[in-house]
Amino acid sequence: MKKGIIIFSLLFVVIYLLAQTKPKTASQGGTDKASVDRGKKIYDIYCLACHQADGSGVPRLNPPLIKTKWVLGDKKELITVILKGMDEPIEVDGEDYNNVMASHAFLKDQEVADVLTYVRKSFGNKASGVISSEVKTVRATMK
Ligand code: HEC
């Protein structure tokens, strides 16, 4: 009887350990939720000062990240904005911006993917996430 309990417990431990090592879902970066969580941390460090915690930006200085054509539009162009920066006159919500955003090419592919997934799913935006292989492709074709 005692033996049975021990064997049963061992079996339970083995099953538990197997469950823990189950491969992560979705692409390289795990789930969108995990990517959003990591992306928020990156946003707070590298983007918040200019684009604000709620993505609303600063009028005539730093454009908002709320439902703009860059944020919701073609992912390649959005990724390019992060990797190359931006310094051309643009118009967002009827407001003109002609300031400089520096290149953030120093961020790793996964970090760019995470911060853009966060941005595309926050501030009222509801778009698909970005994965690191998409960033990798844009980075490779940029050089
Ligand atoms: C030093 C301030 C600054 C920082 C830091 C910064 N940006 Fe920007 N960002 C700008 C400015 C200014 C523009 C517009 C540039 C222009 O007028 O050509 C811009 C443009 C953009 C755009 C395209 C326009 C729009 O509103 O949709 C996106 C997307 C964007 N930034 C995202 C980010 C993300 C994500 C980060 C962090 C990784 C970041 N920015 C960091 C200042 C900044």
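Here Ala, Val, Leu, Ile, Met, Phe, Trp, Tyr, Cys and Pro count as nonpolar, Asp, Glu, Lys and Arg as charged, and the others, Gly among them, as polar. Keep that split handy for the ligand stop below. One caveat before you start clicking: this is a predicted model.

**Stop 1: the whole chain.** Show the cartoon and colour by secondary structure. You should find 7 helices and 2 strands. Walking from the N terminus, the order is α-α-α-α-α-β-β-α-α. Switch to a surface if you like: of the 143 residues in the chain, 36% are buried. As for how the chain packs against itself, take the contacts with a separation of 6 or more, and 58% of them join residues 24 or more positions apart.

**Stop 2: the ligand.** Now select the ligand and centre on it. Where does the ligand sit? You'll find it in the largest pocket. The elements giving two or more residues to the shell around it are helix H3 (48-51), helix H4 (69-72) and helix H5 (75-84). H5 is the top contributor, with 3 residues.

Next, show the shell as sticks. There are 25 residues around the ligand, and the closest are Cys47, Cys50, His51, Glu88 and Met101. Colour the shell by class and you get 17 nonpolar, 6 polar and 2 charged residues.

**Stop 3: backbone contacts to the ligand.** Turn on the backbone N and O atoms and pick out ligand oxygens. Which distances should you check?

- Glutamate 88: a backbone N or O atom lies 2.5 Å from an oxygen atom of the ligand.
- Proline 64: here too a backbone N or O atom approaches a ligand oxygen, at 2.6 Å.
- Asparagine 99: a polar backbone atom is 3.1 Å from an oxygen atom of the ligand.

**Stop 4: asparagine 62.** Leave the ligand and select asparagine 62, which lies in the loop between H3 and H4. Is asparagine 62 buried or exposed? It counts as buried because its relative accessible area is 13%, and the cut-off for buried is under 20%.

Follow the side chain of asparagine 62 and you reach the backbone oxygen of cysteine 50, at 3.2 Å. Cys50 has already come up as one of the closest residues to the ligand. To see the rest of the surroundings, ignore neighbours within four places in sequence: asparagine 62 is then in contact with Cys50, Gly57, Tyr97 and Asn99. Asn99 is also familiar, from its backbone approach to a ligand oxygen.

**Last view.** Keep the ligand, asparagine 62, Cys50 and Asn99 on screen together. Asparagine 62 is in contact with both Cys50 and Asn99, while Cys50 is among the residues closest to the ligand and Asn99 has a polar backbone atom 3.1 Å from one of the ligand's oxygen atoms.

Conventions. Residues are numbered from 1 along each chain as its sequence is written. This is a predicted model: local features need pLDDT of at least 70, side-chain atom pairs count only at pLDDT 80 or more; totals for chains, interfaces and linings use all residues. Side-chain values use heavy atoms; hydrogens and water are left out. A residue is near a molecule or strand if one of its heavy atoms lies within 4 Å of it. A polar contact is a pair of N or O atoms within 3.5 Å; within protein, one must be able to donate a hydrogen and the other to accept it, and residues adjacent in sequence count only if both atoms are side-chain atoms. On a 1 Å grid over the protein atoms alone, a cavity is a set of points where a 1.4 Å probe fits but cannot get out, and a pocket is an open set with protein on both sides within 12 Å along at least five of seven lines; lining residues have an atom within 4 Å of a point. A molecule sits in a cavity or pocket if more than half of its atoms lie within 2 Å of its grid points. Helices (H or I, at least four residues) and strands (E, at least two) are DSSP runs, numbered from the N terminus. Buried means under 20% relative accessible area, exposed over 50%, partly exposed in between (1.4 Å probe, protein chains only). Contact means heavy atoms within 4.5 Å.
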